[in-house]
Amino acid sequence: MVRLLPALSPLQVVTGRLAFALAASAPLLAWPGARAALADAARGPAAWTLAALMTAYYLLAVVAFRLAPVADVALLLAAAPLCALALRRLRGERA
């Protein structure tokens with residue numbers, strides 16, 4: 001789908017995806033206690049670090065989908081958990 005949007009920059013595509021995710025998750029804030037839980041989670045530096053990493057992932061994936069064949073990029077993205085398991089195995093940890 002990214003290749004079908006040549007007039008949009010990767011940053012615009014990522015902004016649209018994140019805006020859609022925010023709109024889709026906004027009704028969850030109507031539940032009691034959800035706002036307080038979200039505020040508590042957003043106070044920690046881990047939440048901001050993970051949010052920055054996910055934003056970078058989306059941006060780099062959009063650029064990769066524009067530059068390389070979609071099947072190649074999809075295989076590389078799907079192989080990430082296997083790479084994590086291989087690294088754990090090399091460090092001697094059990095999966």
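How are α3 and α4 oriented to each other, roughly parallel or roughly antiparallel? In this predicted model, helix α3 (residues 45-67) and helix α4 (residues 70-78) pack at an angle of about 150 degrees. Angles over 145 degrees count as roughly antiparallel, and α3 and α4 are therefore roughly antiparallel to each other. The axes of the two helices lie 9 Å apart. On the α3 side, the contact is made by Tyr 57, Ala 61, Ala 64 and Phe 65. Helix α4 contributes Val 70, Val 73, Ala 74 and Leu 77. The residues of this contact comprise 8 nonpolar, no polar and no charged ones.

Tyr 57, which belongs to the α3 side of the contact with α4, also takes part in an aromatic pair. The count of such pairs comes to 1. The partners are Tyr 57 and Tyr 58, with 5.6 Å from centre to centre and 45 degrees between the planes. The arrangement of the two rings is tilted. With a relative accessibility of 38%, Tyr 57 counts as partly exposed. Tyr 58 is likewise partly exposed, its relative accessible area being 25%.

Charged side chains were examined next. The count of salt bridges comes to 3. One of them joins the side chains of Asp 40 and Arg 43, with an N to O distance of 2.5 Å. Both residues lie in helix α2 (residues 34-43). Because Asp 40 and Arg 43 are 3 residues apart in this helix, about one helical turn separates them. Arg 43 has a relative accessibility of 63% and so counts as exposed.

Further salt bridges involve Glu 93. Arg 88 forms a salt bridge with Glu 93, the closest N and O atoms being 3.2 Å apart. The side chain of Arg 91 also meets that of Glu 93 in a salt bridge, at 3.9 Å from N to O. Arg 88, Arg 91 and Glu 93 are thus linked in a network of salt bridges. Within this network, Arg 88 is partly exposed, with a relative accessible area of 31%. Glu 93 counts as partly exposed at 32% relative accessibility. Arg 91, in contrast, counts as exposed, at 62% relative accessibility.

Methods:
Residues are numbered from 1 along each chain as its sequence is written. This is a predicted model: local features need pLDDT of at least 70, side-chain atom pairs count only at pLDDT 80 or more; totals for chains, interfaces and linings use all residues. Side-chain values use heavy atoms; hydrogens and water are left out. Axes are lines fitted to C-alpha atoms, for helices over the stretch in contact, and angles run from 0 to 180 degrees between N-to-C directions. Helices (H or I, at least four residues) and strands (E, at least two) are DSSP runs, numbered from the N terminus. Angles under 35 degrees count as roughly parallel, over 145 as roughly antiparallel, 65 to 115 as roughly perpendicular and the rest as oblique. Contact means heavy atoms within 4.5 Å. Ala, Val, Leu, Ile, Met, Phe, Trp, Tyr, Cys and Pro count as nonpolar, Asp, Glu, Lys and Arg as charged, and the others, Gly among them, as polar. A salt bridge is a side-chain nitrogen of Lys or Arg within 4 Å of a carboxyl oxygen of Asp or Glu. Buried means under 20% relative accessible area, exposed over 50%, partly exposed in between (1.4 Å probe, protein chains only). Rings of Phe, Tyr and Trp (its six-membered ring) pair if their centres lie within 6.5 Å; planes under 30 degrees apart count as stacked, over 60 as edge-to-face and the rest as tilted.
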